[in-house]
Every structure is written in structure tokens, then in C-alpha cells.
Amino acid sequence: MIDTQQLHQTITRNVTAALAEDLGSGDITAQLIPESSQANARVITREPATICGIDWVKEVFLQVDARVNIDFLVADGERVNANQTLFRLQG
């Protein structure tokens, strides 16, 4: 049986470590865009795949900017086709 609280803590630690490695002391290119700017994006897959890791994606945006809205169009375990939209972002 999976301990959901322990899993959530593990995901949080994984994302925190990955962001610390990737961003270090900050993303200097992000400073070029005014904080009040809004953008839309869609994330696609380039190849057929089985989706896994939605909770990690959610945690990334919680830690980076919880105001970003994520609209998932797929679920963990779902098979997807090449060029299929996985989720949309707004924020």
C-alpha cells in the first residue's frame, strides 16, 4: 500500500532539489519579462508515450508560481499519440 503523505513529501523534495540544481540563485532570463505579464502555453509529446508524473508537474508549478493554472488533458497511465497536447498552462 502506498503512503500518500510520504509520496507527497518525496515529490516535494525531488522537485525542490531539481529546481535548486536548475535555477541555482535564480533565472536571470526571467528578469527580462515583467512579473505582471501573462502567458499561455501548451505542452505536447513528440512521440507516442505512456503518461507518468503529473504530480511532479503540479509540484513544480506550486513551487515556481502557484498562480499558474494547469489544465491537464491526460491522466497518469494514459497512452498518448505523437503531438498530442498533454496540458495547457496559463499564468
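This is a short talk on one predicted protein model, going from the whole chain to a pocket and then to single residues.

Let me start with the chain as a whole. It has two helices and five strands. Read from the N terminus, the order of these elements is α-β-β-α-β-β-β. If you draw a box around the C-alpha atoms along the principal axes, that box is roughly 40 × 35 × 20 Å.

Next, the surface. The accessible surface of the chain is about 7,000 Å², and carbon and sulfur atoms hold 53% of that. The chain has 91 residues, and 16% of them count as buried.

One more number for the whole chain. Take the contacts with a separation of 6 or more: 64% of these are between residues 24 or more positions apart. Keep that in mind when we get to the single residues.

Now the pocket. How is empty space found in a model? Rolling a probe the size of a water molecule over the atoms shows where empty space is left. In this model the largest pocket has a volume of about 750 Å³. It is lined by 23 residues, and the closest to the pocket centre are Ser-37, Val-64, Asp-65, Val-68 and Gly-91.

Which elements supply at least two residues each to the lining of the largest pocket? They are α1, residues 4-23, β1, residues 40-44, α2, residues 54-65, and β5, residues 85-90. Helix α2 gives the largest share of that lining, with four residues. Sorted by class, the lining comes out as twelve nonpolar, seven polar and four charged residues.

Now some single residues, beginning with helix α2. Ile-54 is part of this helix. Its relative accessible area is 9%, and the limit for buried is under 20%, so Ile-54 counts as buried. Not counting residues up to four places away in sequence, Ile-54 touches Phe-72, Val-74, Ala-75 and Asp-76. From Ile-54 to Phe-87 is 33 residues along the sequence, and in space their C-alpha atoms are 9.8 Å apart.

Phe-87 comes up again with Asp-71, a residue of strand β3, which covers residues 69-72. Asp-71 and Phe-87 are 16 residues apart in sequence, with 5.4 Å between their C-alpha atoms. Once neighbours within four places in sequence are left aside, the contacts of Asp-71 are Leu-86, Phe-87 and Arg-88. Is Asp-71 buried or exposed? Neither, strictly: Asp-71 is partly exposed, because its relative accessible area is 37%.

Strand β5 is where we find Thr-85. At 14% relative accessibility, Thr-85 is counted as buried. Its side chain makes a polar contact with the side chain of Arg-42, at 2.8 Å. Beyond its neighbours within four places in sequence, Thr-85 is in contact with Arg-42, Val-43, Ile-44, Leu-73 and Val-74. Val-74 was also on the list for Ile-54.

The next threonine is Thr-45, in the loop between β1 and β2. Thr-45 counts as buried because its relative accessibility is 12%. What does the side chain of Thr-45 reach? It reaches the backbone oxygen of Glu-47, at 2.7 Å. With residues up to four places away in sequence not counted, Thr-45 touches Val-80, Asn-81, Ala-82, Asn-83, Gln-84 and Leu-86.

Asn-83, from that list, deserves a word. It sits in the loop between β4, residues 79-80, and β5. Its phi angle is near 65°, which is a positive value in a residue other than glycine. Asn-83 counts as partly exposed, at 46% relative accessibility.

Last, the start of the chain. Asp-3 lies in the segment before α1. The side chain of Asp-3 reaches the backbone nitrogen of Gln-5 at 3.1 Å. Asp-3 is partly exposed, with 44% relative accessible area. Asp-3 and Val-80 are 77 residues apart along the chain, and 28 Å separates their C-alpha atoms.

To recap: the order of elements is α-β-β-α-β-β-β, the largest pocket takes the largest share of its lining from α2, and Ile-54 in that helix is buried. That is all I have.

Note on methods
Residues numbered from 1 in each chain as written. Predicted model: local features only at pLDDT ≥ 70, side-chain atom pairs only at ≥ 80, totals over all residues. Heavy atoms only, no water. 1 Å grid on protein atoms, 1.4 Å probe; cavity = no way out; pocket = protein on both sides within 12 Å on 5 of 7 lines; lining within 4 Å. Points joined across faces, edges and corners; volume = space filled by probe spheres on them. Nonpolar A, V, L, I, M, F, W, Y, C, P; charged D, E, K, R; others polar. Buried < 20%, exposed > 50% of the residue type's maximum accessible area, 1.4 Å probe, protein only. Polar contact = N/O pair within 3.5 Å; in protein donor to acceptor, adjacent residues only side chain to side chain. Contact = heavy atoms within 4.5 Å. Areas by Shrake-Rupley, 256 points an atom, 1.4 Å probe, with all protein chains shown as cover.
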